[in-house]
Amino acid sequence: MKVIENYKRAIENSDETLLNEVFAPQVRIEVPAGASLDHPGKTASYIMSQVARTAPGIKSILTADAGNNWYFLGFEGQIDGQKLQAVDQVHLNKDGKIDQLIIYMRPIPAAQKFGELITQ
């Protein structure tokens, strides 16, 4: 699915413009060790464009269709020299835009550091 491929590419390349194209006007983001917040699409695009800056070299390693407009995307990268693994659980609305994003990450210290950096 094109929106999922574009999301992966945008995360890997810190592409705020591409994220803005795939996000709905309102996006719920749940980050590890952080709050679940609803953001305007442009704000969500900016926040998520910081992932590759926070975790340089992050790469997509897996994509799966979970059904009911949900997708799982696996990523690997580093944060402050520590390896991390992340799974983004992404939901598409009726218009085919991302309206919900839940981020799972391990190990816990990397997730906590990511949560601190991404919400600054």
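1. A polar contact here is a pair of N or O atoms within 3.5 Å; within protein, one must be able to donate a hydrogen and the other to accept it, and residues adjacent in sequence count only if both atoms are side-chain atoms. The side chains of K8 and E5 make one, at 3.2 Å. Note that this is a predicted model, where local features need pLDDT of at least 70 and side-chain atom pairs count only at pLDDT 80 or more, while totals for chains, interfaces and linings use all residues. Numbering runs from 1 along each chain as its sequence is written, and side-chain values use heavy atoms, with hydrogens and water left out.

2. Staying with K8: this lysine sits in helix α1, residues 2–13 (helices are DSSP runs of H or I, at least four residues; strands are E, at least two). K8 counts as buried because its relative accessibility is 13% (buried is under 20%, 1.4 Å probe, protein chains only). Leaving out residues up to four places away in sequence, K8 touches S60, T63, L73 and F75 (contact: heavy atoms within 4.5 Å).

3. Now the core. The largest nonpolar core (buried Ala, Val, Leu, Ile, Met, Phe, Trp, Tyr and Cys joined through side-chain atoms within 4.5 Å) has 35 residues. Helix α1 gives the largest share of this core, five residues. Y7 is among the residues with the most contacts inside the core; beyond four places in sequence, Y7 touches residues including L19, F23, M48 and V90.

4. Finally, α5 (108–118): its buried residues are A110, A111, F114, G115 and I118. They line one face of the helix, because they fall within an arc of 135° seen down the axis (taken from the directions from the helix axis to the C-beta atoms). These residues pack against α3, α4, β4, β5 and β6.

How values were computed: Buried means under 20% relative accessible area, exposed over 50%, partly exposed in between (1.4 Å probe, protein chains only).
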